[in-house]
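Dear colleague,

I am handing over the structure below, and after it I set out what was found.

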Amino acid sequence: MAGADPGAHIGELLDRLGREAGPRARETADELVRSVVEFYGEGLARTVRLLRSAPAGSDPLAVLTADELVGDLLILHDLHPDDTMTRVGQALDKVRPYLGSHAGDVEVAGLDPDAAEGPTLRLRLRGSCDGCPSSTQTVRWTIEEAVARLAPEIAHIEVEGVAEPAPAEPTLLQIQPRPPDGIPGPLPPSAAPEPPHWHTLAAPALPAHDRTTRVADIDGNALLLVRLPGNLYAYRDRCPGCGADLRTAPLDGEFLSCTECAARFDVRHAGRGEDAHLEPLPLLEEDGAVRVAVPELLGAGP
């Protein structure tokens with residue numbers, strides 16, 4: 001279409017669609033075109049703002065790739081300076097401090113760009129979720145979100161779990177960048193998890209100092225945030241033993257004690273206790289911001 005007017009050609013296609021498929025299809029197509037134009041318009045506006053405000057001597061590409069929307073556009077058009085595996089490595093570096101409390105560590109086992117379901121990343125966990133189903137699901141969601149944000153072209157992720165005594169064949173956790181309903185997991189079938197919704201928390205909602213706690217309310221769900229040296233942790237504000245809230249629970253070193261039943265939970269290690277686990281939530285700290293995921297079923301229990 002060299003020399004053709006793209007806008008006129010789009011208009012002709014929309015008119016043809018309206019004639020052949022009817023007015024409702026034309027309305028949907030018009031809305032789709034408006035959304036695409038707005039998406040690219042915001043990308044261009046951000047590009048201009050970022051470059052204008054960039055410090056003198058800074059690398060323009062580094063400035064642009066630090067923005068999630070502009071970075072996604074660069075990836076979409078194969079203009080991003082970092083290849084897929086470099087960005088996967090950056091994503092895993094972001095979650096390693098968090099995984100250390102739930103699953104140990106994660107390493108790349110391979111990438112199959114030609115897999116039938118789309119580019120497939122294989123990861124290997126080295127550690128243990130201490131037999132906690134919710135911790136396993138939390139690890140799943142955290143890795144998924146981190147990779148989706150920096151390497152959205154990855155269509156499918158397989159995480160090979162190792163570490164605790166297991167059958168001869170390793171267990172595979174199936175992960176997708178935006179998991180569909182009914183995602184397989186260790187929770188009971190009656191509690192199949194819906195995809196979580198990620199929220200950004202501002203400083204006033206966060207514990208200000210090490211070894212302090214704070215409760216944040218997100219969509220009517222009470223989240224217990226605990227700051228320990230080097231990491232921030234998020235749990236459901238409910239004792240799994242007696243059902244009491246934990247907002248006034250004393251913190252003794254790295255252990256939280258329920259004021260009602262005196263049960264103790266290891267905050268740094270997935271909230272494990274002698275007989276039960278706290279319910280951990282996916283959490284990512286990046287570029288000074290804190291993002292936490294709230295699964296649909298949070299608060300559904302007693």
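In this predicted model, Thr120 has a relative accessible area of 2%, and because buried means under 20% relative accessible area, Thr120 counts as buried. Thr120 belongs to strand E2, which covers residues 120-126. A polar atom of the Thr120 side chain lies 2.9 Å from the backbone oxygen of Gly118. Leaving aside residues up to four places away in sequence, Thr120 touches Gly110, Leu111, Asp112 and Ala115, and it also touches His156 and Glu158.

A second region to look at is helix H4, which spans residues 68-76 and in which Leu69, Val70, Gly71, Leu73, Leu74 and Ile75 are buried. The N-terminal end of H4 is capped by Asp67, a side-chain oxygen of which lies 3.2 Å from the backbone nitrogen of Leu69, and Leu69 is itself one of the buried residues of the helix. Just after H4, Asp78 takes a positive phi of about 55°.

As for the chain as a whole, it contains six helices and 14 strands, and of its 302 residues 38% are buried. Among contacts between residues at least 6 apart in sequence, 51% join residues that are at least 24 apart. The area that the chain exposes comes to about 15900 Å², of which carbon and sulfur atoms supply 53%.

With best regards

Conventions. Residues are numbered from 1 along each chain as its sequence is written. This is a predicted model: local features need pLDDT of at least 70, side-chain atom pairs count only at pLDDT 80 or more; totals for chains, interfaces and linings use all residues. Side-chain values use heavy atoms; hydrogens and water are left out. Buried means under 20% relative accessible area, exposed over 50%, partly exposed in between (1.4 Å probe, protein chains only). Helices (H or I, at least four residues) and strands (E, at least two) are DSSP runs, numbered from the N terminus. A polar contact is a pair of N or O atoms within 3.5 Å; within protein, one must be able to donate a hydrogen and the other to accept it, and residues adjacent in sequence count only if both atoms are side-chain atoms. Contact means heavy atoms within 4.5 Å. Accessible areas come from the Shrake-Rupley method with a 1.4 Å probe; for residues, only the protein chains shown count as cover.
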